[in-house]
Structure formats: structure tokens, C-alpha cells
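Reader: Got a minute to go through this one with me? Here it is.

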Amino acid sequence: MMPAPSPVGTAPARSPLRRNDASDARPRSTPDGQVRRIVLAGEAIDYRVVRAKRSSIGMNVGLAGLTVRASRWVSIREIESTLAQHSEWILRQLAWWQERRRDVLPQAWKTGAPILYQGRELALALRPAHRKEIAADLLNLTVLHPSPHDEESIAAFVVHWLKDEALRLALPLVEATAARITDSPPSVALSNARSEWGSCNRNGEIRLSWRLVHLPPRLAHYVVAHEVAHLVELNHSPRFWALVETLFPGHAAARRALQDWTALLE
Ligand SMILES: [Zn+2]
């Protein structure tokens, strides 16, 4: 369970930052820090400034946009000069994530359309067949279907399959992870939640977003470990995080990386 407004856990970041026209450049405060705008190589870029205890200026680009972390002693002028020095890298990263955002599910369900499966971008390959079937390999998501040109049917069939996959991939992981810390196996169900990757309640019921199927397996695994740890510690105390670390060594890095993908939920 991830009680708001705690910034921990697998709850998503705030709404994604989009690149807009530069007409409204006033900084705004959000729970995650201040949102500002800078023009890099002629392009208006929104970025979030988070004040943190650190000696250097940290930059991160994820699905939700550019985030800068700096101590509160660092001026905006210093931050912007650092951003300007790294503008090429920033624009390249933003473009990469822009692609991911677009390619989570196809806009048109046609052969060649990109789809995100377990952190990999696959190309849809639609083939006529009597029997409906789907298979993923390294490059393609091959869909056999009686009406390969009926986009609505294809979309429904593929999304249904993705949900099945989400459960197929997560269930053994939940069971194996839970078996390490409790004798009572949790009940697991998929959710369509737009607000979180997963949740756990005091009845030992774990809900997982079916969109976990889009994530690199390691990050989905972290979400599972996080929720399973809540079976024993229904809080975000130091004891909880120590338990997560036991179940998923190196969890802090995965937790940070997951932040880059949270906009997938929105
Ligand atoms: Zn949690």
C-alpha cells in the first residue's frame, strides 16, 4: 500500500512535463519541486528542480521529463548554465523517452507499429490465420488473427494478451518472493490503476498494474518485492526498506529507475 502523499514506494510521479511553447515561463511549485522552463538549442524545455543534500548538480531524464537535483545553495543561474552545457545530451535523452511514450501501445494497430513489451520495443507483425495466437521474440510481436486488418479486434486481442502476460510473469515471482517471508500465500490480482504500479492491503491482497508488462523485468520484479514486503510491514518504515533490500538486493537503484517509467501509468 502506498499512502499519499508519501513520495516513497511505487506510486507514480506527478503529471508528465511536456514541451510547450515558451510563452508561460513562470516557475510553478509542485509537491516534487519547482517546475521551470529553459530554452535549449531553440527548444523550450520544462524541467523540475528538486532541492536535495548533494554537492553536485544531478540531471535525470525520464518519461516524465527532465529533473535536476541540487542543493538549495545552488542558484538557478548555475543550474541553467549546467543545463546549457549538457543541452545535447538532454535533448537526445528527451527524444529517446518521447519515443518510448509514443510506443507503449501502437497508435495504429498495423504491421510495423511499435509496442513496448518487457522494456523492449517490438514491432507488431500481423498475419492472417484461422486461429488467434500471439508470440513475442526479440524483434516482433507476431499476432495471428482471422482479421488482421480489423484494428479494433487486434487491439482488444493484444491488450487482453498483455494482461494475461502480466499475470503469467508476475505470479511465480510473487509466490517465490512471498514464500521467503510468510507462510500464507497472498492473493494476487491485476489492476487497471492509473495511480500506482502495485498495492497491498492488510488482508494480504496484492494488486499489480497490468502495465508492469511494459517495464524491463528487473523493475517489475522490484514492484513485486515492494508489495510482497508489505505483507509483513504495512508501512514505509526503515524496517520495511530493509526487508525490500533482503528480497531485492540493490532495490534503491531500481526504485530510482522506476521513477523514469511512472508516466506510463498516466
Ligand atoms: Zn509501498
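Author: Sure. Leu169, Ala170, Leu173, Val174, Thr177 and Ala178 in α3 meet Ala220, His221, Val224, Ala225 and Val228 in α4. Keep in mind that this is a predicted model.

Reader: How do the residues of that α3 with α4 contact divide into nonpolar, polar and charged?

Author: There are 9 nonpolar and 2 polar residues, and no charged ones.

Reader: And at what angle do α3 and α4 pack?

Author: About 45 degrees, with the axes 10 Å apart. The two helices are therefore oblique to each other.

Reader: Is the crossing of α3 and α4 left-handed or right-handed?

Author: Right-handed.

Reader: What about α4 and α5, how do their axes cross?

Author: They cross at roughly 135 degrees and come within 9 Å. That makes α4 oblique to α5. The crossing is right-handed.

Reader: Which residues make the contact of α4 and α5?

Author: On α4, Ala225, His226, Val228 and Ala229. On α5, Phe240, Leu243, Val244 and Leu247. By type they divide into 7 nonpolar, 1 polar and no charged. Ala225 and Val228 of α4 also appear in the contact with α3.

Reader: Let's talk core. Which members of the largest nonpolar core touch the most other members?

Author: Ala170, Leu212, Leu219, Val223, Ala225 and Val228, out of 42 residues. Elements that each supply at least two residues of this core include the strands β6 (114-117), β7 (120-128), β9 (140-145) and β12 (205-209). The helices α3 (151-179), α4 (217-229), α5 (238-247) and α6 (251-259) do so too.

Reader: Which element gives the most to this core?

Author: α4, with 8 residues.

Reader: Zoom in on Leu212. What does Leu212 touch, leaving out residues up to four places away in sequence?

Author: Ala166, Ala170, Trp197, Ala220 and Val223. Of these, Ala170 and Val223 are on the list of core members that touch the most others.

Reader: What does the second, separate core include?

Author: Val61, Leu66, Ile90 and Leu94 are among its 11 residues.

Reader: OK, whole chain. How many helices and strands?

Author: 6 helices and 12 strands. The chain has 266 residues, and buried ones make up 30% of them.

Reader: Take contacts between residues at least 6 apart in sequence. What share joins residues at least 24 apart?

Author: 47%.

Reader: Now some single residues. Leu141, buried or exposed?

Author: Buried. Leu141 has 23 C-beta neighbours inside 10 Å, and the cut-off for buried is 20 or more. Leu141 is found in strand β9.

Reader: Which residues does Leu141 touch, not counting those up to four places away in sequence?

Author: Ile115, Tyr117, Leu122, Leu124, Ala125, Ile134 and Ala136. Leu126 is 15 residues from Leu141 in sequence, and their C-alpha atoms are 8.4 Å apart.

Reader: And Phe157, where is Phe157 found?

Author: In helix α3. Phe157 is partly exposed, with 19 other C-beta atoms within 10 Å. Buried would need 20 or more.

Reader: What does Phe157 touch, with the same sequence neighbours left out?

Author: Lys132, Val143 and His145, not counting residues up to four places away. The C-alpha atoms of Phe157 and Ile134 are separated by 9.0 Å, with their positions 23 residues apart along the chain.

Reader: What about Glu78, buried or exposed?

Author: Exposed, with 12 other C-beta atoms within 10 Å. The cut-off for exposed is 12 or fewer. Glu78 is found in helix α1, residues 76-85. Ile57 is 21 residues from Glu78 along the chain, and their C-alpha atoms are separated by 9.1 Å.

Reader: Backbone check. What is phi of Ala41?

Author: Near 50 degrees, a positive value in a residue other than glycine. Most residues other than glycine have a negative phi. Ala41 is found in the loop between β2 (33-40) and β3 (43-51). Ala41 is exposed, with 10 other C-beta atoms within 10 Å.

Reader: And phi of Gln118, what is that near?

Author: Near 50 degrees, also positive. Gln118 is found in the loop between β6 and β7. With 17 C-beta neighbours inside 10 Å, Gln118 counts as partly exposed.

Reader: Good, that covers my list.

Definitions and conventions
Residues are numbered from 1 along each chain as its sequence is written. This is a predicted model: local features need pLDDT of at least 70, side-chain atom pairs count only at pLDDT 80 or more; totals for chains, interfaces and linings use all residues. A nonpolar core is a set of buried Ala, Val, Leu, Ile, Met, Phe, Trp, Tyr and Cys residues joined through C-beta atoms within 7 Å. Helices (H or I, at least four residues) and strands (E, at least two) are DSSP runs, numbered from the N terminus. Two residues are in contact if their C-beta atoms, placed from the backbone, lie within 7 Å. Axes are lines fitted to C-alpha atoms, for helices over the stretch in contact, and angles run from 0 to 180 degrees between N-to-C directions. Angles under 35 degrees count as roughly parallel, over 145 as roughly antiparallel, 65 to 115 as roughly perpendicular and the rest as oblique. A crossing is left-handed if the near helix is turned anticlockwise from the far one by less than a right angle, and right-handed if clockwise. Ala, Val, Leu, Ile, Met, Phe, Trp, Tyr, Cys and Pro count as nonpolar, Asp, Glu, Lys and Arg as charged, and the others, Gly among them, as polar.
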